[in-house]
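I set out to record what could be looked up in this structure, entry by entry. The notes follow in the order in which I made them.

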Amino acid sequence: MRKTWIPGFAIFLTLFASWAWASSYDSVLNRWSKTKDFADRGDSLSITATYYSAEFIEATVQKEADKNLWTADELDRYKYQFLKTLNLEDSIPVRLSFDNRGPALHMAPFGKQVWLWIGGKRYEPKDYDPRLNFRVQDKIEGMVYFPRFDGKTGRDLLKGAKTVKLEVSGSISMTMKAKTAEFVWDVANDNPEKLFAGKAGARLEMDRLIKRLEKLNGEKKDLEGKLEQVKAEIEKIQARMSELQKQ
C-alpha cells in the first residue's frame with residue numbers, strides 16, 4: 001500500500017509544482033497586459049496593450065523553457081531570438097490587440113493614432129506592424145515600437161521614469177465616442193538592462209556593435225572622400241596663388 005502511495009504522492013507534488021510555476025508566470029504576464037472596454041448601442045470594442053517590461057520578458061522566456069523542458073543553451077537561443085525581434089536595444093516595444101464587434105476600425109496612419117507618454121512628454125512610434133493600418137472588422141494585433149533614446153541628446157527615456165502611459169486615439173472607432181484609451185504601467189522598478197546579461201545579451205550587444213561599426217566605417221569612408229576633395233581644392237588654390245605671385 002505504501003509503495004503505491006509514495007509514487008502517486010510524488011506525481012501529485014510534481015503536478016502541483018508545475019501548476020504553481022505556471023500560475024506564478026501567468027500572474028506576472030497578466031500584470032503587464034491591460035484591457036480597456038468600450039460599448040455603444042450593442043457595439044463593443046476591447047483594446048489590450050501589453051508592455052514588454054524586463055519582468056514580462058523574463059517570465060515569458062522562463063515559461064516557455066519550463067513548458068518545453070529546455071536546456072540552458074536552448075533557453076539562451078530562444079531568449080536571443082525573442083529579444084532580437086523586440087528591438088530592445090533602441091526601442092520600447094508594446095503589443096496592441098483589438099477585438100472589434102462594431103463598426104470597422106479605421107486606424108491609418110496608425111503612427112498618428114497612438115502615443116507613449118514618458119516624463120510628461122509624448123512620443124510617436126518609430127515603427128509598427130503595417131497591418132495596423134488596415135480597415136479592421138473583427139480582430140487584429142501587432143507590435144508597436146517607440147523610441148527608447150532621445151533623438152537629440154541620446155538620453156535613455158526610461159531612466160528615472162516612474163510610469164509610462166500609452167494613449168490610443170478615440171478617432172479610430174465610433175464605438176469609442178472620441179474617448180481615448182489610456183494604459184498606465186509602473187516602471188520605476190523595471191530594469192531592461194538586466195535582460196542583456198548572459199549569453200543572449202552578449203550576442204545582442206555584439207549584433208549592435210557590428211551594426212554600429214558598419215555605420216561608422218561608412219561615415220569614415222564618406223569623410224575620407226570629402227577630405228580628399230578638400231585637399232585637391234587646397235592644392236589647386238595654392239597652385240593658382242603661386243601663378244599669381246609670379247606675374
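**Entry 1: the largest pocket**

I sorted the lining of the largest pocket by class and counted four nonpolar, no polar and nine charged residues. I note at the outset that the model is predicted. For the volume of this pocket I recorded about 340 Å³. Its lining comprises 13 residues, and those closest to the centre are E89, D90, F149, L204 and R208. I then asked where the largest pocket lies with respect to domain 1 and domain 2. Residues of domain 1 (20-196) and of domain 2 (202-247) both contribute to the lining, so the pocket lies between the two domains.

**Entry 2: the largest cavity**

I next looked for enclosed space and found one cavity of 30 Å³ or more. The space in the largest cavity comes to about 70 Å³. I listed its lining residues as Y51, Y52, S53, A54, L88, S91, I92, P93, R148, L158, D190 and P192. Which strand gives the largest share of this lining? It is β3 (residues 91-101), with three residues. By class, I recorded eight nonpolar, two polar and two charged residues in the lining of the cavity.

**Entry 3: S53**

From the cavity lining I selected S53 for a separate check. I located S53 in the loop that runs between β2 (43-51) and α2 (54-68). Is S53 buried or exposed? Its relative accessibility is 0%, and S53 therefore counts as buried, the cut-off for that class being under 20%. Leaving aside residues up to four places away in sequence, I found that S53 touches W32 and D190. D190 is also among the residues that line the largest cavity.

**Entry 4: helix α4**

I then turned to α4, which covers residues 198-246 and has 49 residues. From its first C-alpha to its last, the helix reaches 70 Å, close to the 72 Å expected at 1.5 Å a residue. Within α4, I noted A200, G201 and L204 as buried. The buried residues of this helix pack against α3 (72-86). I had already met L204 as one of the residues closest to the centre of the largest pocket.

**Entry 5: K221**

As a last item I examined K221, which lies in helix α4. K221 has a relative accessibility of 64% and so counts as exposed, the cut-off being over 50%. I also took the C-alpha to C-alpha distance from K221 to A232 and obtained 17 Å, for two residues that are eleven apart in sequence.

Conventions:
Residues are numbered from 1 along each chain as its sequence is written. This is a predicted model: local features need pLDDT of at least 70, side-chain atom pairs count only at pLDDT 80 or more; totals for chains, interfaces and linings use all residues. Side-chain values use heavy atoms; hydrogens and water are left out. On a 1 Å grid over the protein atoms alone, a cavity is a set of points where a 1.4 Å probe fits but cannot get out, and a pocket is an open set with protein on both sides within 12 Å along at least five of seven lines; lining residues have an atom within 4 Å of a point. Grid points are joined across faces, edges and corners, and a volume is the space filled by probe spheres set on the points. Helices (H or I, at least four residues) and strands (E, at least two) are DSSP runs, numbered from the N terminus. Ala, Val, Leu, Ile, Met, Phe, Trp, Tyr, Cys and Pro count as nonpolar, Asp, Glu, Lys and Arg as charged, and the others, Gly among them, as polar. The expected span of a helix is 1.5 Å times one less than its number of residues. Buried means under 20% relative accessible area, exposed over 50%, partly exposed in between (1.4 Å probe, protein chains only). Contact means heavy atoms within 4.5 Å. Domain bounds come from an automatic or database domain assignment.
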